[in-house]
Amino acid sequence: GGARLGGTGTVAGNVVNANGVIVVGSAGVLGDLAISGSYDQGTNSAIVIEAFNNGLTTVSDRLTIGGPSTLNGGTLVIGFTTNSLGLVTANFSPIRAPGGVSGGFSRIIDAGGNILLFNFNAGVFTVVGASPKIPDAVIDDLIRFVKNREEFAEKVASNRSKAEAAMDELLGKEIQEEGSLVCN
């Protein structure tokens, strides 16, 4: 709990990441880290993987977990090397877990806060795209829009009720007086 495990090579045995951070490789240098046993990740823990993008493809650190993995939430963060363009392209696989995975991450984001879309198939996590982080100003505008929309809907409903009441009154008078109603 609260510890940091990082670097390259192999951890012989099981790893429980209750409240810590696993940093694969080292700053600016892509690397491979393997855990030969099982891996359990808690809700307040994180895995940090660095990636490099040249505009055409993305390569990254790789974490390989040999035994069964249990993900009870936590965060997976994809950072970028210094010379990277800072983009995430699809179809790179930063985590391999041939022993199987149960559960999932609470958040999968890149260093810019963009939400990453992942696919897990045959023991391999593959990035399939990114959904840009919504700026706070946009969220505020959406909240205002929803509130204004609700107020507008209430006004329409009120006006509709008044119009229906007036129409009912008019229909009642027309039917009683002439027996027919002509509408334009």
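A nonpolar core is a set of buried Ala, Val, Leu, Ile, Met, Phe, Trp, Tyr and Cys residues joined through side-chain atoms within 4.5 Å. With that term in hand, here are some views of this predicted model.

**View 1. The whole chain, to get your bearings.** The chain folds into one helix and 16 strands. Of its 184 residues, 32% are buried. Among contacts with a separation of 6 or more, 67% join residues 24 or more positions apart. On the outside, the chain exposes about 11,000 Å², and carbon and sulfur atoms supply 54% of that area.

**View 2. The largest nonpolar core and its best-connected residues.** Welcome to the inside of the chain. The largest nonpolar core has 23 residues. Those with the most contacts inside this core are Ile22, Tyr39, Ile47, Ile49, Leu63, Leu76 and Phe105. Two or more residues of the core come from each of β4 (21-24), β5 (32-35), β7 (46-53), β9 (62-65), β11 (75-80), β15 (115-121) and β16 (124-131). Strand β7 gives the largest share, three residues.

**View 3. Ile49, a buried residue of strand β7.** Here we move in on Ile49, which lies in β7. Ile49 counts as buried because its relative accessibility is 0%, and buried means under 20%. Leaving aside neighbours within four places in sequence, Ile49 is in contact with Val24, Ser60, Asp61, Leu63, Leu76, Val77, Ile78, Gly79, Pro94 and Ile95. Two of these partners, Leu63 and Leu76, are listed with Ile49 among the residues with the most contacts inside the core. For a sense of scale, look for Gly31 as well: Ile49 and Gly31 are 18 residues apart in sequence, and their C-alpha atoms are 9.2 Å apart in space.

**View 4. Tyr39 and the residues around it.** Tyr39 is another of the residues with the most contacts inside the core. Not counting residues up to four places away in sequence, Tyr39 touches Val15, Asn17, Ile22, Ile47, Ile65, Pro68, Ser69, Thr70 and Leu71. Keep Tyr39 in sight for the next view, where it helps to line a cavity.

**View 5. The cavity and its lining.** The structure holds one cavity of 30 Å³ or more. About 40 Å³ of space lies in the largest cavity. Its lining is made up of Tyr39, Ile47, Ile65, Ser69, Leu71, Ile95, Val101, Phe105 and Phe125. By class, eight of these lining residues are nonpolar, one is polar and none is charged. Several names return from the earlier views: Ile47, Ile65, Ser69 and Leu71 are also touched by Tyr39, while Ile95 is also in contact with Ile49.

Key: Residues numbered from 1 in each chain as written. Predicted model: local features only at pLDDT ≥ 70, side-chain atom pairs only at ≥ 80, totals over all residues. Heavy atoms only, no water. 1 Å grid on protein atoms, 1.4 Å probe; cavity = no way out; pocket = protein on both sides within 12 Å on 5 of 7 lines; lining within 4 Å. Points joined across faces, edges and corners; volume = space filled by probe spheres on them. Nonpolar A, V, L, I, M, F, W, Y, C, P; charged D, E, K, R; others polar. Buried < 20%, exposed > 50% of the residue type's maximum accessible area, 1.4 Å probe, protein only. Helix = DSSP H or I, 4+ residues; strand = E, 2+ residues; numbered from the N terminus. Contact = heavy atoms within 4.5 Å. Areas by Shrake-Rupley, 256 points an atom, 1.4 Å probe, with all protein chains shown as cover.
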